[in-house]
Amino acid sequence: MTDLTPAVRSDLAPTGKLRAAINYGNFILATKDRATGESRGVAIDLTQELGRRLGVPVEIVAYDSVAVMGDAAPTGVWDIAFLGSDPKREALMSFTAAYLEIEATYLVRGDSPLRTAAEVDGEGRRVAAPARANYELFLSRNLHKAQLVSTASADAAFELLATGQVDALAGLTQALHDRQPQLAGSRIVDGRFMGVQQSIAVPKGREAGLAYLRRVVEDAKASGLVARAIERTGARGVSVAPPAK
């Protein structure tokens, strides 16, 4: 790309390296090999590609909570971050278009009468989700009849379902598949309630860097880089986001 200006470098690598905030709580975006310490995932591949284009080394700023990562945007500890775009987050950061979409749906107990995602939003029903996850923010605006029960963690949300305190657990499809063996007889309903769009963010005010990132994201989708990275994860319910309008 020919538009790598000093302003872009200043926005994306002000310390001479690209500091990328990675949420290891979302295994589709990033995982770390316990034996080797090596990180893998779609966010890791995109970070390495961006570092190559900028001609700077990469530093991973690791998080286990997307909420904590987002709150750090004004502190200057990271230059880019990988997370879902949401209106509530736009007060602190600016986003590219999505590079991938992750299907979000519900897990229910085996004796539940609920069969589809649409049926979950009914009178008297309770839905658990970890606070400030992208899909929890979405449900806070879009559940019209069911009550949203926000929890401190994904484990806490699952515990509410396992103990019968809620009717459904909201989550990413792949994560819910991984949860199923922990609750005998549980099942994933048909359909989804949203596609969580994963984007790259920069702290507010880094407009030159943001414009450059937006072009990199579109190039990564068109070139197949994102598709290949998704395929390597083996995850279900994940797809390349459509081109930006």
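Let me begin with one residue, E59, which touches K17, L18, R19 and A20 when residues up to four places away in sequence are left aside, a contact meaning heavy atoms within 4.5 Å. Before going on, I should say that this is a predicted model, in which local features need pLDDT of at least 70 and side-chain atom pairs count only at pLDDT 80 or more, while totals for chains, interfaces and linings use all residues. Residues are numbered from 1 along each chain as its sequence is written, and side-chain values use heavy atoms, with hydrogens and water left out.

E59 is found in strand β4, where helices (H or I, at least four residues) and strands (E, at least two) are DSSP runs numbered from the N terminus. Is E59 buried or exposed? Neither word fits, because at 28% relative accessibility E59 counts as partly exposed, given that buried means under 20% relative accessible area, exposed over 50%, and partly exposed in between, with a 1.4 Å probe and protein chains only. The C-alpha atoms of E59 and T47 are separated by 9.2 Å, and these two residues are 12 apart along the chain.

From there I turn to strand β1, residues 18-23, where 6 of the 6 residues are buried. In a regular strand the side chains alternate between the two faces of the sheet. In β1, L18, A20 and I22 point one way and R19, A21 and N23 the other way, and all are buried. β1 pairs with strand β4 (residues 58-63) in the parallel sense over 6 bridges, pairing here requiring that DSSP finds at least two bridges between two strands. Within that pairing, A21 stands opposite V61 in β4. β1 also pairs in the parallel sense with β5, over 2 bridges, and the bridge partner of A20 in β5 is I80.

The strand β5 leads us to β12, to which it is joined by 4 bridges, the two running antiparallel. Which residue of β12 is the bridge partner of F82? That partner is I200. Strand β6, residues 93-95, pairs with β12 in the antiparallel sense as well, over 3 bridges, and there F95 has A201 as its bridge partner. A further 5 bridges join β7 to β12, again antiparallel, with A104 matched to M194 in β12. β12 is mostly covered, 9 of its 10 residues being buried.

Next comes helix α5, residues 134-142, in which N134, Y135, E136, L137 and L139 are buried. The buried residues of α5 pack against β5 (80-84), β7 (100-108), β8 (126-130), β9 (147-151), β10 (168-172) and β12 (194-203).

Let me now take the aromatic rings. A pair of aromatic rings is described by the distance of the centres and the angle of the planes. The rings of Phe, Tyr and Trp (its six-membered ring) pair if their centres lie within 6.5 Å, with planes under 30 degrees apart counted as stacked, over 60 as edge-to-face and the rest as tilted. By this rule the count comes to 3 aromatic pairs. One of them is the edge-to-face pair of F82 and Y99, at 6.1 Å centre to centre and 80 degrees between the planes. This pair links distant parts of the chain, since F82 lies in strand β5 and Y99 in the loop between β6 and β7, 17 residues apart, and both F82 and Y99 are buried. The rings of F138 and F193 have centres 6.3 Å apart and planes at 25 degrees, so that pair is stacked. F138 belongs to helix α5 and F193 to the loop between β11 (187-188) and β12, 55 residues apart. F138 is partly exposed, with a relative accessible area of 22%, whereas F193 is buried, at 15%. Y106, F138 and F193 form one aromatic cluster.

I will finish with the largest pocket, which holds about 810 Å³ of space. On a 1 Å grid over the protein atoms alone, a pocket is an open set of points where a 1.4 Å probe fits, with protein on both sides within 12 Å along at least five of seven lines, and lining residues have an atom within 4 Å of a point. Grid points are joined across faces, edges and corners, and a volume is the space filled by probe spheres set on the points. Of the 35 residues lining the largest pocket, the closest to its centre are G25, N26, P130, Y135 and A154. The elements giving two or more residues to this lining are α3 (66-71), β5, α5, β10, α7 (173-179) and β12.
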